[in-house]
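Here are some exercises to work through at your own pace. Try each task before you read its solution.

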Amino acid sequence: MDKANRLIHMSDFTRNNTKLIPSELRVRTSQGAAELTVNEMCILLELARQDGRVLTREHLLTQLHMDTSEKGKRSIDVYISTLRKKLSHIDSNLIIQTVRGLGYVIE
């Protein structure tokens, strides 16, 4: 089953003030909503469900079934940057932190 089909069948997930709605590729707060791509939603769900655990770029790439080369790792950085902007725009308190040399975490 591909990523999009898996998301359609996933339950909504709420963390802090932010509701992730995989079936709609949308995140929502009381301040608004933002549309995500399939890969952005997969990354955000993976991070949000880890409860403070740092995830490496390699782990995220594996979850997305993407190339783990240096180019692939930079793709994760771009997705994270875009997610941060979208979450900030709707006043989400999900803050994606960079752990230098390791990866990313939502605390």
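The exercises below cover a pocket and a sheet.

This is a predicted model, in which local features need pLDDT of at least 70 and side-chain atom pairs count only at pLDDT 80 or more, while totals for chains, interfaces and linings use all residues. Residues are numbered from 1 along each chain as its sequence is written, and side-chain values use heavy atoms, with hydrogens and water left out.

**Exercise 1.** Describe the largest pocket and its lining.

Solution.
- Start with volume: the largest pocket has about 170 Å³. A pocket is an open set of points on a 1 Å grid over the protein atoms alone where a 1.4 Å probe fits, with protein on both sides within 12 Å along at least five of seven lines; lining residues have an atom within 4 Å of a point.
- Next, list the lining: Arg6, Leu7, Met10, Cys42, Leu45, Glu46, Arg49, Gln50 and Gln63.
- Then assign elements: α1 (3–8) and α2 (38–48) each give two or more residues, and the largest share, three residues, comes from α2. Helices are DSSP runs of H or I with at least four residues, and strands are E runs of at least two.
- Finally, sort by character: four lining residues are nonpolar, two polar and three charged.

**Exercise 2.** Work out the strand order and pairing of the sheet.

Solution.
- The open sheet has four strands in the order β1-β2-β3-β4, with antiparallel pairing; strands pair if DSSP finds at least two bridges between them.
- At the edges, β1 (13–15) and β4 (32–35) each pair on one side only.
- Three bridges join β1 to β2 (residues 18–21), and Arg15 stands opposite Thr18 in β2.

Note on methods
Grid points are joined across faces, edges and corners, and a volume is the space filled by probe spheres set on the points. Ala, Val, Leu, Ile, Met, Phe, Trp, Tyr, Cys and Pro count as nonpolar, Asp, Glu, Lys and Arg as charged, and the others, Gly among them, as polar.
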